[in-house]
Amino acid sequence: MWLLQLPSIPKLSTPFLHGAGTLRSAPTAITFPTPSAPSSMPTIRAMKSMQGKVVCTTNDKTVAVEVTRLAPHPKYKRRVRKKKRYQAHDPDNQFKVGDIVQLLKSRPISKTKTFVAVSVPKRDSTNKPLDEAGSSSSDIGIPLESQQQA
């Protein structure tokens, strides 16, 4: 008998309980004009490229490149070197072991080759060549005391 006599629940004045009450109408959607890209802008190519060292050249038109990256250790949060080897296409067999190359993503060439090896230009050294006295005093044009004649 007590199951049939439940206490009455007080009515709250919120419109979100059981769909009771009236809701206001939603505001109309505001439309913004869609921006169009100018035709003079080049398209953005987000191709993946990496840099690594050639470690194997025994196969024809293929080089094995080892790419080293720094990644945080999952537990200790210290940066750890991680290495991975990729097979890259070398159509002219121009690279030797120890060369630094850049890998450009391309269409799959074989089962394991999806990169093309491209040579990296040599860095220019910022140091000027030393003159015969062993100093680079020619940079500013003022001779040193040891080079001045008395």
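**View 1. K77, an exposed loop residue with positive phi.** K77 is exposed, at a relative accessible area of 61%; buried means under 20%, exposed over 50%, and partly exposed in between, with a 1.4 Å probe and protein chains only. The model is predicted: local features need pLDDT of at least 70, side-chain atom pairs count only at pLDDT 80 or more, and totals for chains, interfaces and linings use all residues. Residues are numbered from 1 along each chain as its sequence is written, and side-chain values use heavy atoms, leaving out hydrogens and water. K77 sits in the loop between strand 2 and strand 3 (79-89). Strands are DSSP runs (E, at least two residues), numbered from the N terminus. The phi of K77 is near 60°, a positive value in a residue other than glycine. Most residues other than glycine have a negative phi.

**View 2. N93, a second loop position with positive phi.** N93 lies in the loop between strand 3 and strand 4. Its phi is positive, about 50°, although N93 is not a glycine. N93 is partly exposed, with a relative accessible area of 35%.

**View 3. The closed barrel.** A closed barrel of 5 strands runs in the order 1-2-3-5-4, with mixed pairing. On average, neighbouring strands of this sheet are turned by 50° against each other, direction ignored. These angles are between axes fitted to C-alpha atoms, and run from 0 to 180 degrees between N-to-C directions. Two strands pair if DSSP finds at least two bridges between them.

**View 4. Strand 1 and its antiparallel partners, strands 4 and 2.** Strand 1 (residues 49-56) runs antiparallel to strand 4 (residues 100-105), joined by 5 bridges. In strand 4, M50 has L103 as its bridge partner, and I100 stands opposite K53. Strand 1 also pairs with strand 2 (residues 62-72), in the antiparallel sense, over 3 bridges. Here C56 stands opposite A64. Strands 1 and 2 form a hairpin with 5 residues between them. K61, in the turn, has a positive phi of about 60°.

**View 5. K113, a buried lysine without a salt bridge.** K113 is found in strand 5 (residues 113-119). K113 is buried, and D60, the nearest side chain of opposite charge, is 8.5 Å away. A salt bridge needs a side-chain nitrogen of Lys or Arg within 4 Å of a carboxyl oxygen of Asp or Glu. Lys and Arg count as positive, Asp and Glu as negative; His and the chain ends are not counted. A polar atom of the K113 side chain lies 3.2 Å from the backbone oxygen of K61. Leaving aside residues up to four places away in sequence, K113 touches K61, T62, Q87, A88, H89, R107 and P108; contact means heavy atoms within 4.5 Å.

Key:
Helices (H or I, at least four residues) and strands (E, at least two) are DSSP runs, numbered from the N terminus. A polar contact is a pair of N or O atoms within 3.5 Å; within protein, one must be able to donate a hydrogen and the other to accept it, and residues adjacent in sequence count only if both atoms are side-chain atoms.
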